[in-house]
Amino acid sequence: MSNLTEQPPAIRLEKRPDGVGILWFDTPESPVNILSSRFFGDFAAALDGFEADPSLRAGVLASAKPDSFIAGADLKQFVGLDAAQGTALVTEGHRLLDRVAASRKPIVAAIHGVALGGGLEVALACHYRVASEDPKTQLALPEVQLGVLPGAGGTQRLPALIGLAAALPAILTGSRFKARKALKLGLVDHLTSPRGIVDVAARAALQLAEGTLRRKPRKPTPLDRLAATGPGRSFILGQARKDVLRKTRGLYPAPLRILDCIEAGQARGFRAGATAEQQGFGALVGDSKGKALIKLFLAMTDVKKAGEHLPPPRRVSRLGILGAGFMGEGIAAVSMSQNTVVLKDLTPASLGKAAKNLDAGLAKREKSGSLTRLERDRQWSNLVFSTDTQDLAGCELVIEAVFEKLELKRQILADAEAVLHPQAVFASNTSALPIGRIAEGAKHPERVLGMHYFSPVPKMPLLEIIVTDQTADWALSTALAYGVKQGKTCIVVKDGPGFYTTRILAPFVGEAMLLLEEGADIEALDKALKDFGFPVGPIALLDEVGIDVGAHIARDLGAAFAERGWKTSPAAAKLVDAGYCGRKNAKGFYIYPPEKKGKSGKKQVNPEVYGFFGGPARKSFPAAEMVDRLALLMVNEAVRCLEEGILGNARDGDLGAILGLGFPPFTGGPFRYVDLVGAADVVARMERLKTTCGDRFTPCAMLVEMAREGKRFHED
Ligand SMILES: NC(=O)c1ccc[n+]([C@@H]2O[C@H](COP(=O)([O-])OP(=O)(O)OC[C@H]3O[C@@H](n4cnc5c(N)ncnc54)[C@H](O)[C@@H]3O)[C@@H](O)[C@H]2O)c1
């Protein structure tokens with residue numbers, strides 16, 4: 001008797017009268033095809049049917065989903081795996097794809113939409129690949145970004161197909177290829193339109209079976225010729241390894257494992273490479289760093305549902321941006337593809353500068369092939385440059401990015417309210433001013449909230465949305481939906497001094513200043529934190545953010561939290577008085593040599609700066625001590641934000657710290673870091689620092705309680 005709750009198979013075989021078997025991928029109850037053990041089981045059954053039927057002479061793998069081939073593997077499945085289970089899982093995938101590759105009847109992949117990770121590996125195992133020439137068609141092996149490696153033959157089949165030199169950057173960075181580029185690389189063999197793709201693939205499959213079509217081997221490049229020799233290959237792989245170590249400081253095991261697999265395959269053949277891949281995948285997926293990166297990705301997906309319990313968002317057809325400076329321009333750049341954007345500033349000169357930069361950005365994207373000329377013109381025509389507040393009329397959302405001055409921001413809000421519809425949302429991009437204080441005196445405080453972007457806006461993935469006790473749910477819902485449209489990962493936090501991200505950054509940078517006062521060396525301090533996994537050190541970061549901005553924040557937050565022992569060095573304020581603002585005015589902790597051919601030279605410490613920190617004589621501090629002093633203060637402050645309800649949950653705290661501030665991603669964020677090393681360990685280290693450095697290292701009550709009860713922030 002059939003089970004009524006049984007799901008249909010993820011793959012069904014259609015037998016066509018022309019002798020082609022189409023294997024249709026159609027993961028049940030999912031908008032896209034996702035690889036899993038079950039998928040592989042169904043795939044094997046469909047292959048049995050295909051192989052056993054003598055009327056079928058050739059096969060096509062195609063997706064029954066609109067606009068997506070296979071989106072990748074089911075990452076949730078990876079979370080609970082240990083190394084042996086990880087190896088077993090991918091060994092099963094290998095066996096299946098080896099069957100595809102070894103099939104005596106030719107099999108052609110018909111790729112329309114994304115073919116990512118395992119999805120591309122399925123296509124790589126085929127005998128021929130047809131792709132649709134459509135912007136939705138994108139091919140990549142992005143596993144490295146998740147701390148693992150392509151575990152279904154990708155480390156072996158990609159170099160075999162496109163050559164070692166082209167495959168290395170593709171696998172080591174996970175970059176996406178559109179159809180044209182994929183054709184040029186030899187990653188696909190033929191391009192066609194999305195509509196007729198299955199028929200085109202079926203025709204190619206039959207021709208392959210009849211011997212009237214052969215895959216054209218790629219024309220070898222000079223690098224291919226170099227890679228064909230033993231010493232050449234060693235040289236290319238050696239350079240790639242050096243490059244990885246330089247970029248990752250050896251902190252990320254995945255790219256090194258990938259190189260091991262490729263090297264094994266190149267030196268000892270496909271089997272040896274495949275075995276290395278299966279073992280390597282297991283080792284990475286079972287390791288805490290791989291798991292942290294996978295969970296980070298899952299959290300980024302999960303947080304997209306944050307608006308589900310809220311009223312529907314208001315549609316934004318006209319966005320207003322007040323202040324066309326550095327941030328305003330960035331916000332415009334990520335919004336102009338969506339709707340009309342009114343960019344308002346005081347003078348035509350400021351607007352002209354923003355217009356020039358936005359135009360240059362569009363031109364660059366057109367040149368790189370990511371925008372068509374038509375799309376570039378459409379986005380440009382969405383921009384309205386204005387010096388008149390009246391032009392904000394009709395905006396459903398306004399984001400202000402004027403100077404960081406409370407009175408100015410209040411004035412801007414009052415001016416905007418005079419022309420805005422009562423149900424338009426007003427957002428401030430302030431770095432640290434409490435939103436409630438900006439909203440004091442507003443006619444409609446329920447529509448005021450914070451939308452805190454990070455610089456540079458087009459590159460930084462985080463948007464921190466700040467709500468006050470008065471912010472209406474519809475206003476939040478509108479800001480959230482718009483942030484997602486801008487491509488941002490949004491976290492929602494409560495209002496307070498520095499909200500979440502600025503609040504946890506302030507003690508981190510503040511402690512760096514205190515260490516310099518005690519005699520630490522600037523480069524040694526930056527290096528210690530980079531070796532821990534931050535992308536930039538605290539001093540270089542302060543130069544980027546602006547010493548003036550940092551001093552301002554330190555003053556405001558220092559005053560707000562002074563009673564619990566926050567200590568602020570006066571040096572930053574003195575530096576600002578002496579004209580040091582950081583990189584923006586070329587007067588910072590470092591001296592930045594001018595760019596040569598688009599590349600910046602190595603920055604050097606500005607020795608004059610030590611004059612503000614007790615003179616040029618420097619002392620050596622153990623790296624672990626410097627890291628603990630900075631990172632544990634950040635972790636403790638993050639936990640306090642959860643304790644005080646600034647954060648709704650630990651997940652958002654991890655996302656905010658990693659995506660906004662560069663907290664080492666492979667730790668999983670401050671909360672997962674506590675789970676990893678144990679709250680008791682963090683408390684003990686803080687208590688030790690409290691005795692040597694002062695009360696600012698007092699662990700917060702929540703951390704102490706968690707240590708006592710052996711609790712964790714995350715269950716998984
Ligand atoms: N720079 C950063 O890294 C960063 C990051 C997050 C948030 N922020 C915040 O964003 C805001 C803007 O920072 P920025 O770095 O873009 O500053 P900026 O100095 O580059 O730009 C500010 C712009 O506001 C304009 N302006 C001033 N008064 C105005 C008015 N009445 N009407 C319209 N325009 C007016 C100025 O002419 C200037 O072009 C600040 O609140 C800052 O704290 C900055």
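Q: Is Thr 501 buried or exposed?

A: Buried means under 20% relative accessible area. In this predicted model, Thr 501 has a relative accessible area of 1%, so it counts as buried.

Q: Which helix holds Thr 501?

A: Look for Thr 501 in helix α20, which covers residues 501–517.

Q: What is Thr 501 in contact with, leaving aside its neighbours within four places in sequence?

A: Thr 501 is in contact with His 452, Phe 454, Leu 462 and Glu 464. Gly 656 and Leu 661 complete that list.

Q: Which side chain makes a polar contact with the side chain of Thr 501?

A: That partner is Glu 464. The two side chains make their polar contact at 2.5 Å.

Q: How many residues apart in sequence are Thr 501 and Leu 284, and how many Å apart in space?

A: Sequence and space need separate readings here. In sequence, Thr 501 and Leu 284 are 217 residues apart. In space, they are 30 Å apart, C-alpha to C-alpha.

Q: Now the ligand. How many residues surround the ligand, and which are the closest?

A: The ligand is surrounded by 21 residues. Met 327, Asp 345, Glu 404, Lys 409 and Ser 431 are the closest.

Q: Where do polar side-chain atoms lie relative to an oxygen atom of the ligand?

A: Take Asp 345: an N or O atom in its side chain is 2.6 Å from a ligand oxygen atom. Next is Ser 431, with a polar side-chain atom 2.7 Å from an oxygen atom of the ligand. For a nitrogen atom of the ligand, turn to Lys 344: an N or O atom of that side chain is 3.5 Å away.

Q: What area does the ligand expose when taken alone, and what share does the protein bury?

A: Alone, the ligand exposes 840 Å². The protein buries 81% of that area.

Q: Which elements give two or more residues to the shell around the ligand?

A: There are α14 (326–333), α17 (406–419) and β18 (448–453). The largest share comes from α17, with three residues.

Q: How do the residues of that shell divide into nonpolar, polar and charged?

A: The shell has 10 nonpolar residues, seven polar and four charged.

Q: Why look for nonpolar cores?

A: In soluble globular proteins, nonpolar side chains tend to be buried together. Here the largest nonpolar core has 99 residues. Within that core, Tyr 500 and Phe 589 touch the most other members. Helix α25 (residues 623–643) gives the most to this core, 12 residues.

Q: What lies apart from this core?

A: Another core, of 73 residues, lies apart from it. Its members include Leu 35, Leu 61, Ala 167 and Leu 237.

Technical notes:
Residues are numbered from 1 along each chain as its sequence is written. This is a predicted model: local features need pLDDT of at least 70, side-chain atom pairs count only at pLDDT 80 or more; totals for chains, interfaces and linings use all residues. Side-chain values use heavy atoms; hydrogens and water are left out. Helices (H or I, at least four residues) and strands (E, at least two) are DSSP runs, numbered from the N terminus. Buried means under 20% relative accessible area, exposed over 50%, partly exposed in between (1.4 Å probe, protein chains only). Contact means heavy atoms within 4.5 Å. A polar contact is a pair of N or O atoms within 3.5 Å; within protein, one must be able to donate a hydrogen and the other to accept it, and residues adjacent in sequence count only if both atoms are side-chain atoms. A residue is near a molecule or strand if one of its heavy atoms lies within 4 Å of it. Accessible areas come from the Shrake-Rupley method with a 1.4 Å probe; for residues, only the protein chains shown count as cover. Ala, Val, Leu, Ile, Met, Phe, Trp, Tyr, Cys and Pro count as nonpolar, Asp, Glu, Lys and Arg as charged, and the others, Gly among them, as polar. A nonpolar core is a set of buried Ala, Val, Leu, Ile, Met, Phe, Trp, Tyr and Cys residues joined through side-chain atoms within 4.5 Å.
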